[in-house]
Amino acid sequence: MKIVLHIGMNKTGTSSLQFACSRNQKVLAEAGILYPEFGQEYSAHHGIAFGIHRHTTKKKRQNDRWAQLGDDWINKLEHEASDYDVVLLSSEAFHHLGDPSEVARAFSGHDVKIVVYLREHFSYIRSWYQQNVQDGVETCLFRDFPGIRKAAQCTVLDAWVESFGINNVIPKIFDKSQLISGDIVEDFFSSAALPTVNTKLFADAVGGKNPSVSGNLLFFRRQTNQLLTREQATSVSDEVGAMTVLDASFRGPIGVEEDLACQVRDRYKEDRRLLHDKYGLCFDGLPWDPHGFRCPDMDRIHSDWELF
């Protein structure tokens, strides 16, 4: 079985790509690509990722519902894939739940290619922070966000290369200036690891976007995260995301003090050098901007409250 495994990373257009694949399974099937229903959640194969890692990860799904995949899940996947040229699986959970060697062990004996997108460090951390606040798992200010200290990306690539081999890992830069047509879907399906797909036949993936919650909506969300239990806060993440349509300032990047943004970038100067030297990925010339919507924006705090 030939498998292309898209592992994210998170905040690199994964939701848009996954929703497009799920919405257009018939087009993919006509090109010989199976994007299986098996193990899907929110258009991504989080179920398979959790199935692989469920014995080792500390993160648990409610009632461990992915345990129902059973230990013979790979046989089920092989059966479903028998009439296709390649299986395409996508989930950020493949990389953030545990050791890539567990994934390699699960797919042992199969031809596996790994596709991973990486993002400029400051933009990545800022977007990651905003997502965590939206998801109800973060209550701190950006400057205190633990992710600032945990965003080295070369070590991520190194681990996947060690498990799958340098020729089976395809690292790419997530930046509009680097993507074909500035689009993650177009860029992904240009990969040599996949058969040719006419993405012009794709139905619009309406609803597949995952905009960063920003401005006073993010501020109010951060405050409520302190008042609710973790379970209560995480249960309304999608509803918070839906509220971004209420005002343009509720979606997009938050503003970060330029000195702090520069500190974050400087922290990963060596990581950028290693990514360039080892994998030919050049981030230093990419645009980055600390500006964005204020969080909070006190000039409109009352009017925004009325919107909610």
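This is a conversation about how some labels in a predicted model are earned.

Colleague: Let's start with helix α4. Which of its residues are buried?

Modeller: In α4, which covers residues 73-80, the buried ones are Trp73, Ile74 and Leu77.

Colleague: How do you know that the buried residues of α4 line one face of the helix?

Modeller: Imagine looking down the axis of α4: the buried residues fall within an arc of 100°, so they line one face. Those buried residues pack against α3 (46-53), β3 (86-90) and α6 (100-106).

Colleague: What makes you say that α3 is mostly covered?

Modeller: Here the count does the work: 8 of the 8 residues in α3 are buried. They run from His46, Gly47, Ile48 and Ala49 to Phe50, Gly51, Ile52 and His53. The buried residues of α3 pack against α4, β3, α5 (93-96) and α6.

Colleague: Now to the rings. How many aromatic pairs are there in the whole structure?

Modeller: The search finds 14 aromatic pairs. One of them is formed by phenylalanine 189 and phenylalanine 202.

Colleague: Why is the pair of phenylalanine 189 and phenylalanine 202 called edge-to-face?

Modeller: Two values matter here. The centres are 5.7 Å apart, and a pair needs centres within 6.5 Å. The planes stand at 90°, and edge-to-face asks for over 60 degrees. Both conditions are met, so this is an edge-to-face pair.

Colleague: And what makes phenylalanine 189 and phenylalanine 202 buried?

Modeller: Buried means under 20% relative accessible area. Phenylalanine 189 has 6%, so the label fits. Phenylalanine 202 has 12%, so it counts as buried too.

Colleague: Why is the pair of phenylalanine 250 and phenylalanine 308 called tilted?

Modeller: The ring centres are 5.3 Å apart and the planes are at 35°. Stacked needs under 30 degrees and edge-to-face over 60, so an angle of 35° leaves the name tilted. This pair links distant parts of the chain: phenylalanine 250 is in the loop between α12 (237-242) and α13 (258-267), phenylalanine 308 is in the segment after α15 (301-307), and they are 58 residues apart.

Colleague: Are phenylalanine 250 and phenylalanine 308 buried or exposed?

Modeller: Phenylalanine 250 is buried, with a relative accessible area of 0%. Phenylalanine 308 has 34%, which lies between the cut-offs of 20% and 50%, so it counts as partly exposed.

Colleague: Which residues form a nonpolar patch on the surface with Phe308?

Modeller: The patch joins Phe308 with Val245, Leu246, Trp305 and Leu307, and together they have about 510 Å² of accessible area. Tryptophan 305 sits in helix α15. At 54% it passes the cut-off of over 50%, so it counts as exposed.

Colleague: Let's turn to charges. How do you know that glutamate 102 and arginine 105 form a salt bridge?

Modeller: Their closest N and O atoms are 2.9 Å apart. The limit is within 4 Å, so the pair qualifies. Both residues lie in helix α6, 3 residues apart, about one turn of the helix.

Colleague: What makes glutamate 120 and arginine 265 a link between distant parts of the chain?

Modeller: Their side chains meet in a salt bridge at 2.7 Å, N to O. Glutamate 120 is in the loop between β4 (111-118) and α7 (121-134), while arginine 265 is in helix α13, 145 residues apart. Glutamate 120 is at 2% relative accessibility, so it counts as buried. Arginine 265, at 9%, also counts as buried.

Colleague: Last one: how does arginine 272 pair with aspartate 284?

Modeller: They form a salt bridge, with the closest N and O atoms 2.8 Å apart. Arginine 272 lies in helix α14 and aspartate 284 in the loop between α14 and α15, so the pair ties together parts that are 12 residues apart in sequence. Arginine 272 is buried at 6%, whereas aspartate 284 is exposed at 52%. Beyond its neighbours up to four places away, arginine 272 touches His121, Arg265, Leu281, Phe283 and Asp284.

Key:
Residues numbered from 1 in each chain as written. Predicted model: local features only at pLDDT ≥ 70, side-chain atom pairs only at ≥ 80, totals over all residues. Heavy atoms only, no water. Buried < 20%, exposed > 50% of the residue type's maximum accessible area, 1.4 Å probe, protein only. Helix = DSSP H or I, 4+ residues; strand = E, 2+ residues; numbered from the N terminus. Arc of directions from axis to C-beta. Contact = heavy atoms within 4.5 Å. Phe/Tyr/Trp six-rings, centres within 6.5 Å; stacked < 30°, edge-to-face > 60°. Patch = residues over 30% accessible without salt bridge, like charges linked within 9 Å, V, L, I, M, F, W, Y side chains within 5 Å. Areas by Shrake-Rupley, 256 points an atom, 1.4 Å probe, with all protein chains shown as cover.
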